[in-house]
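Biologist: I would like a close look at a single part of this model, the aromatic pairing and the residues that can be described around it. Please give the distances and the accessibilities as you go.

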Amino acid sequence: MVINMTHISINIDTPVVSVDEFVRRSGIPLPTVRKQITAGIIPILPRAKRNEKVSVNMIAYMVKCALAGGMEVNIASNT
């Protein structure tokens with residue numbers, strides 16, 4: 001039996017982005033992004049206060065997308 005292992009490295013330039021930046025990068029319309037954040041589909045960082053700006057957790061989002069695609073995820077730190 002031959003097992004073919006493929007590794008894909010995904011580099012994220014910043015671990016968090018604003019909602020506006022997420023909209024720009026993803027191409028998903030703002031109202032849809034807001035609904036997906038509320039539904040927990042797009043992960044955000046916890047906020048200490050309700051009026052704090054929302055920050056999208058790009059690392060959690062990429063992991064969630066990879067797992068949804070049936071991929072195995074291993075996170076390595078280069079530090």
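Modeller: A helix here is a DSSP run of H or I with at least four residues, a strand is a run of E with at least two, and both are numbered from the N terminus. The model is predicted. In those terms, Val33 is placed in helix H2, which spans residues 30-38 and also holds Arg34.

The aromatic pairing comes next. A pair of aromatic rings is described by the distance of the centres and the angle of the planes. The count for this model is one aromatic pair. Phe22 and Tyr61 form it, with 5.0 Å between the ring centres and 90 degrees between the planes, and the arrangement is edge-to-face. The pair joins distant parts of the chain, since Phe22 belongs to helix H1 (residues 19-26), Tyr61 belongs to helix H3 (residues 58-68), and the two are 39 residues apart. Phe22 counts as buried because its relative accessible area is 2%, under the 20% limit. Tyr61 is also classed as buried, because its relative accessibility is 17%.

On the H2 side, Val33 can be tied to Phe22 directly. Their C-alpha atoms are separated by 8.4 Å, and the two residues are 11 apart along the chain. With residues up to four places away in sequence left out, Val33 touches Phe22 together with Val19, Val23, Ile28 and Ile42. Val33 has a relative accessible area of 0%, so the residue is buried. Arg34 has a relative accessible area of 53% and is therefore exposed, the limit for that class being over 50%. The C-alpha of Arg34 lies 9.8 Å from that of Val23, again across 11 residues of chain.

On the H3 side, Ala60 has its place in the helix that was named for Tyr61. Ala60 is partly exposed because its relative accessible area is 27%, which falls between the 20% and 50% limits. The backbone nitrogen of Ala60 is 3.0 Å from a polar side-chain atom of Asn57. Asn57 itself is in strand E2, residues 55-57. Leaving out residues up to four places away in sequence, Asn57 touches Pro15, Val16, Pro43, Ile44 and Leu45. Ile44 is also a reference point for Ala60: the C-alpha atoms of these two are 8.4 Å apart, with their positions 16 residues apart in sequence.

Val54 adds to the picture around Ile44. Val54 sits in the loop between H2 and E2, and its C-alpha is 6.7 Å from the C-alpha of Ile44, 10 residues away along the chain. The contacts of Val54, with residues up to four places away in sequence not counted, are Val17, Ser18, Val19, Ile37, Ile44 and Arg47. Val19 is thus touched by Val54 and by Val33.

One further item is the largest pocket. Its space is about 910 Å³. Its lining has 22 residues, and those closest to the centre are Ile8, Ser9, Ile10, Val73 and Asn74. By type, the lining divides into 13 nonpolar residues, eight polar ones and one charged.

How values were computed
Residues numbered from 1 in each chain as written. Predicted model: local features only at pLDDT ≥ 70, side-chain atom pairs only at ≥ 80, totals over all residues. Heavy atoms only, no water. Phe/Tyr/Trp six-rings, centres within 6.5 Å; stacked < 30°, edge-to-face > 60°. Buried < 20%, exposed > 50% of the residue type's maximum accessible area, 1.4 Å probe, protein only. 1 Å grid on protein atoms, 1.4 Å probe; cavity = no way out; pocket = protein on both sides within 12 Å on 5 of 7 lines; lining within 4 Å. Points joined across faces, edges and corners; volume = space filled by probe spheres on them. Nonpolar A, V, L, I, M, F, W, Y, C, P; charged D, E, K, R; others polar. Polar contact = N/O pair within 3.5 Å; in protein donor to acceptor, adjacent residues only side chain to side chain. Contact = heavy atoms within 4.5 Å.
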